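This report is for a reader who has not seen this structure before. Please keep the sequence and the 3D view at hand while reading.

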Amino acid sequence: MNVLLKELTQFLSKTARLDLKAVSLTHILGLTGTKAGIELIGQNLKLLGNVVALVDDDSDVIRKDAVLALVNISAEESGAEVLVNKFLAQLVPKAYASILDETSKLSDPWSMLLCNLSRPEQFVEAVLEELHKIEHSIDKLTTCFTRVNYNQAKGHLNYLGPLFSNLSQCRAGREIFCNRTTGLLVRILPFVHHEGSIVRRGGAVGLLKNICFDSNVHQWLLDDGIDVLPFILLPLAGPEEFDDEINDKLPVELQYLGPDKKREEDPDIRKMLLESLAQLCATKKGREHLRGRGTYEVLRELHKFECGSEGDPRVLVACENVVDILIRTEDEIGEDNLKTLEIPEDMKQKIEDLNDNK
């Protein structure tokens, strides 16, 4: 196989005949369908460099196959590592330019490539650093994301959502989205409820969850300036009817929802929303805010749903974790900020063992 790859390398040159490039790229695409194939390609930097160069080929077909091959390679962490370490400075500007091009037919695979490269947490800062070299890049990518029909060539750009979520894994990324001047988070939040794409919706929820891990911004997240609680609770709410007293506690968006209201159908997204609430429970002020706005009542009904045939055991555990905090009095909790608690090492190991067994 290594001999074959060496032979193919010469035919993947931009100056090679079109038919030879096309056939060779077809072979490469086939190899990128397996983990073993991706690892082999990753060991041949000359071949990989030729594939990267072909994203600028004169032929539409060659450009498309080259980008798709890179998407497949980057889907495996070993492949993403090679691309980040050797070719990131070339790939990020090309991906960015294609995404911003309203007529690009390859904006979706390019956004998938950026998403894949930034998924492993150890590569996030490198990707962010390359994006920072382009003025206002995250702001402009957010504009592409929030204008649903931005791409006129029928590109959806849904994978910008997971890209934003990935970038928020690091503090620098979270600070970008929490910038109150640019208001990026405010612009992205409505897509927590986006029905057109589970990928776009999940990305927006993932971004929100990551930001909620930073207790320094909790007051800003919960106050009237941004008020994330309705965005979190609405997908978790079902068609249940509450009496007037409870409805008065709930955010306006959750009052008198009616019998047609449906919960978020994806269990992973429901789980991320509950994890966001758990993080907002870190401080006494956050817990009191959630209790005062009917969070417990919504989760009580969600708990019944998760116990039923349509529920998910992982979501049920996440729901119980939040409820367990909200039903306690502050005297019982005994701490203003739960994140300042020092957990003994033996207890940390027990918690990790429990998480591994879920």
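## Salt bridges

The model, which is predicted, holds 21 salt bridges. One of them joins the side chains of Asp57 and Lys21, with a distance of 2.6 Å from N to O. Asp57 sits in the loop between helix H4 (45-53) and helix H5 (60-75), while Lys21 belongs to helix H2 (residues 18-31), so this pair ties together parts that are 36 residues apart in sequence. Both Asp57 and Lys21 are buried.

Another salt bridge is made by the side chains of Glu275 and Lys209, at 3.7 Å from N to O. Glu275 is part of helix H17 (residues 267-280) and Lys209 is part of helix H13 (residues 198-212), so the bridge ties together parts that are 66 residues apart in sequence. Glu275 has a relative accessible area of 22% and is partly exposed. Lys209 has 17% relative accessibility and counts as buried, because buried means under 20%. These two residues also belong to a network of salt bridges that links Lys209, Lys271 and Glu275.

## A bridge between two loops

The side chains of Arg263 and Glu240 meet in a salt bridge as well, at 2.8 Å from N to O. This pair links distant parts of the chain: Arg263 is in the loop between H16 and H17, and Glu240 is in the loop between H15 and H16, 23 residues apart.

Are Arg263 and Glu240 buried or partly exposed? Arg263 counts as buried, with 14% relative accessibility. Glu240 is partly exposed, its relative accessible area being 25%.

## A negative patch

The loop between helix H15 (229-236) and helix H16 (244-249) is also the place of Asp243. Together with Asp244, Glu245 and Asp248, Asp243 forms a negative surface patch. The relative accessibility of Asp243 is 44%, so Asp243 counts as partly exposed. A residue must have over 30% relative accessible area to be part of a patch, and Asp243 has 44%.

## Aromatic rings

How many aromatic pairs does a search of the whole structure find? The search finds three. In one pair, the ring centres of Phe145 and Phe164 are 5.5 Å apart and the ring planes stand at 75°, so the pair is edge-to-face. The cut-off used here is that planes over 60 degrees apart count as edge-to-face. This pair, too, links distant parts of the chain, with Phe145 in helix H9 (residues 137-146) and Phe164 in helix H10 (residues 160-167), 19 residues apart.

Phe145 is buried, with a relative accessible area of 0%. Phe164 also counts as buried, at 1% relative accessibility. Phe145 and Phe164 belong to one aromatic cluster, in which Phe177 and Phe191 take part as well.

## The protein as a whole

The elements named above belong to a protein with 22 helices and zero strands. Taken along the principal axes, the C-alpha atoms fill a box of roughly 75 × 50 × 40 Å. The protein has 358 residues, of which 50% count as buried. Among the buried residues are Asp57 and Lys21, Phe145 and Phe164.

Definitions and conventions. Residues are numbered from 1 along each chain as its sequence is written. This is a predicted model: local features need pLDDT of at least 70, side-chain atom pairs count only at pLDDT 80 or more; totals for chains, interfaces and linings use all residues. Side-chain values use heavy atoms; hydrogens and water are left out. Patches are made of residues with over 30% relative accessible area and no salt bridge: like charges are joined within 9 Å, nonpolar side chains (Val, Leu, Ile, Met, Phe, Trp, Tyr) within 5 Å. Accessible areas come from the Shrake-Rupley method with a 1.4 Å probe; for residues, only the protein chains shown count as cover. A salt bridge is a side-chain nitrogen of Lys or Arg within 4 Å of a carboxyl oxygen of Asp or Glu. Lys and Arg count as positive and Asp and Glu as negative; His and the chain ends are not counted. The place of a charge is taken as NZ of Lys, CZ of Arg, CG of Asp or CD of Glu. Helices (H or I, at least four residues) and strands (E, at least two) are DSSP runs, numbered from the N terminus. Buried means under 20% relative accessible area, exposed over 50%, partly exposed in between (1.4 Å probe, protein chains only). Rings of Phe, Tyr and Trp (its six-membered ring) pair if their centres lie within 6.5 Å; planes under 30 degrees apart count as stacked, over 60 as edge-to-face and the rest as tilted.
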